[in-house]
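Let's take a walk through a protein model together. Keep the picture open and find each spot as we come to it.

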Amino acid sequence: MKYGNFIPAIIIVMVLLISCSSGGSNPMAPNEIGEQPGLTHVNSSTPGTNTFLMGYYDIYFDIEAGTFEAVEDRTASYTVNVVPFLNLMVAPPNGITFSSIVLHEDDPTFLGVDVEFHIYHPFPGINQYLTYDLMGVLIGNGADALAYENLRVGLQGKDVWMKNADGFSRWFNPSEFTTELIFGWAPGGYQNLKGDARLNPYKYYAKGLDPDDDAWEFLTSGSNNDGLFQSADGRLMELEFPLLPNGIGLKFGYAVVCCWEEQGPNPPGGYTPYHRDEAIAVSVTQTSDIWYDEEEGSGGDLILDIDIFAWEEQPPIVKIESSVLPGIVEFDFDAHASPGGDHYSTWHIEATAGPLTTSQNHYYWVIAESNEYDYKNGLPEIPSADGPLTAFFRFDCEVLGDIPYLPPVAVATLETPGILYAGDTLEFDASGSYDQDEDGFSIVSWDWDFDGDGAYGDPFDSGTQDHPFVVFYNPGV
């Protein structure tokens, strides 16, 4: 019987294990906190007792040729939540310390807490578990929601809020990453809230990045150490905790997000640090063009120049969601971006704003989609977020309290008869001058200064003016 080119596929999950001793659990067997296989760790002080989930594979059988082909089902790199490993650390407890705590009680509706959140390496001294681009994600409740994917996010004044977030991440929120293993949300030793927000603020950690440094400036500097994480690094989190009816409610959760890349079956080459696939920092300059006036209404455009930092590929799509826009606006790389420097791209976007009902408390989100990646880690049976891997950055949006005045652009021309003689009259024409924007203003008069002394003549209602031509004679020429 001839089968032609028809090749049925038999999909089989295969697990390859390595172990330096008999310690560790079987990742294929059910465990106490979930039925999904995962990377398990017995004792952080004895790295030899680790069991590693090395790969998932699809097995394809060619009936006619009688051959099998194994294709790895998980991507070469993957992202994990190392909170379960941090919980096992004895010194310091739970792998986290807090320092430089400053309390602010200026507002009676919340307690402000500035705190340096220090994260320690769960595998000290094991080189194959160095990591880049570590993120400390603060997880809370989400009383607000984005129009984008209807993602729940914290509301300032009602939920725990980070005022100085480097960005927002969807990774390992408890609502979508429901397995309590390294591929999902896990309760940490210090946290007391399993928040329902799907988008949560984070601080970026790297060697040489000081607690209150700007992440964008650090990454684009010449001494960013490639984003390598250094144990015990601390980052300053400026937090606001809402006051609950029964007193101060310091309720929060967290995830510690790392990336590794599989390089081979045996340490030390088994795993190497891997840069994040999504964007990790942005810098934005807004042109102040949006306005709101109680009598005149509102107008203008949201004009942003955005620099996006990504170690790997630049995001092909950027979406803007804002309180000043009627809907989400999408921009593609080819039409709106250009290379800006090492590892970052520069985007220029404009979108028509309005209608507005106030000039206060406006914001915009820069949403950078990396469509070639997702949150599956190459393990589709592990619960995770749906959709493309996406980075989120939130900024306050400036709205002017009245109609902005943009000065007109002067365009002056001079018409000459060809050969000029003393006393000839020349025509100066500025009627081509124009207003820069539809801001309610128009050109009504022109003033001229012909002798350059800074004093202008009488205004007139035309853009043209006749003036005698004077020859200056210099005998020394």
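## Rings, bridges and hidden spaces

At 8% relative accessibility, Trp-311 counts as buried. Here, buried means under 20% relative accessible area, exposed means over 50%, and partly exposed is in between, using a 1.4 Å probe and protein chains only. Before we go on, keep in mind that this is a predicted model: local features need pLDDT of at least 70, side-chain atom pairs count only at pLDDT 80 or more, and totals for chains, interfaces and linings use all residues. Residues are numbered from 1 along each chain as its sequence is written, and side-chain values use heavy atoms, with hydrogens and water left out.

Back to that tryptophan. Which ring does Trp-311 form an aromatic pair with? The partner is Phe-309, and the pair is edge-to-face, at 5.0 Å centre to centre with 90° between the planes. Phe-309 is buried too, with a relative accessible area of 1%. For the rules: rings of Phe, Tyr and Trp (its six-membered ring) pair if their centres lie within 6.5 Å; planes under 30 degrees apart count as stacked, over 60 as edge-to-face and the rest as tilted.

The structure holds 19 aromatic pairs. Another one of them joins Trp-171 and Phe-177: the ring centres are 5.7 Å apart and the planes sit at 40°, so this pair is tilted. Both partners are hidden away, since Trp-171 counts as buried at 2% relative accessibility and Phe-177 is buried at 1%. Rings can also join up in a bigger group: ring pairs link Phe-98, Phe-117, Tyr-190, Phe-241, Phe-252 and Tyr-254 into a cluster.

Now for the cysteines. A disulfide is a covalent bond between the sulfur atoms of two cysteines. The test used here is a pair of cysteine sulfur atoms within 2.5 Å. How many disulfides does the structure hold? Zero. Cys-258 is in no disulfide, and its nearest cysteine sulfur, that of Cys-259, is 7.6 Å away. Cys-259 is likewise in no disulfide. As for their surroundings, Cys-258 counts as buried at 3% relative accessibility, and Cys-259 is buried with a relative accessible area of 2%.

Next, look for charges. Side chains of opposite charge can pair when their charged atoms come close. A salt bridge is a side-chain nitrogen of Lys or Arg within 4 Å of a carboxyl oxygen of Asp or Glu, and the structure holds nine of them. In one, Glu-330 meets Lys-319, with the closest N and O atoms 3.8 Å apart. Glu-330 lies in strand E25 (residues 329-332) and Lys-319 in strand E24 (residues 317-322), so the pair ties together parts that are eleven residues apart in sequence. (Helices, H or I with at least four residues, and strands, E with at least two, are DSSP runs numbered from the N terminus.) Glu-330 is partly exposed at 48%, whereas Lys-319 is buried at 16%.

A second salt bridge brings Lys-376 and Asp-386 together at 3.1 Å, N to O. Both residues lie in the loop between strand E28 (362-374) and strand E29 (388-397), so this pair ties together parts that are ten residues apart in sequence. Lys-376 is partly exposed at 24%, while Asp-386 is exposed at 52%. Arg-394 and Asp-396 meet in a salt bridge as well, at 3.7 Å, N to O. Of these two, Arg-394 is partly exposed at 28% and Asp-396 is exposed at 65%. Salt bridges that share partners also join Asp-166, Lys-203 and Arg-235 into one network.

Finally, let's look for empty space. On a 1 Å grid over the protein atoms alone, a cavity is a set of points where a 1.4 Å probe fits but cannot get out, and lining residues have an atom within 4 Å of a point. A search of the whole structure finds five cavities of 30 Å³ or more. About 70 Å³ of space lies in the largest cavity. Of the 14 residues that line the largest cavity, the closest to its centre are Gly-154, Val-160, Leu-199, Asn-200 and Pro-201. Strands E10 (134-139), E13 (161-162) and E15 (200-205) are the elements that give two or more residues to this lining.

One last stop: Gly-297 lies in strand E22 (residues 297-299). Gly-297 and Leu-356 are 59 residues apart in sequence, and in space they are 7.4 Å apart, C-alpha to C-alpha.

Key: 1 Å grid on protein atoms, 1.4 Å probe; cavity = no way out; pocket = protein on both sides within 12 Å on 5 of 7 lines; lining within 4 Å. Points joined across faces, edges and corners; volume = space filled by probe spheres on them.
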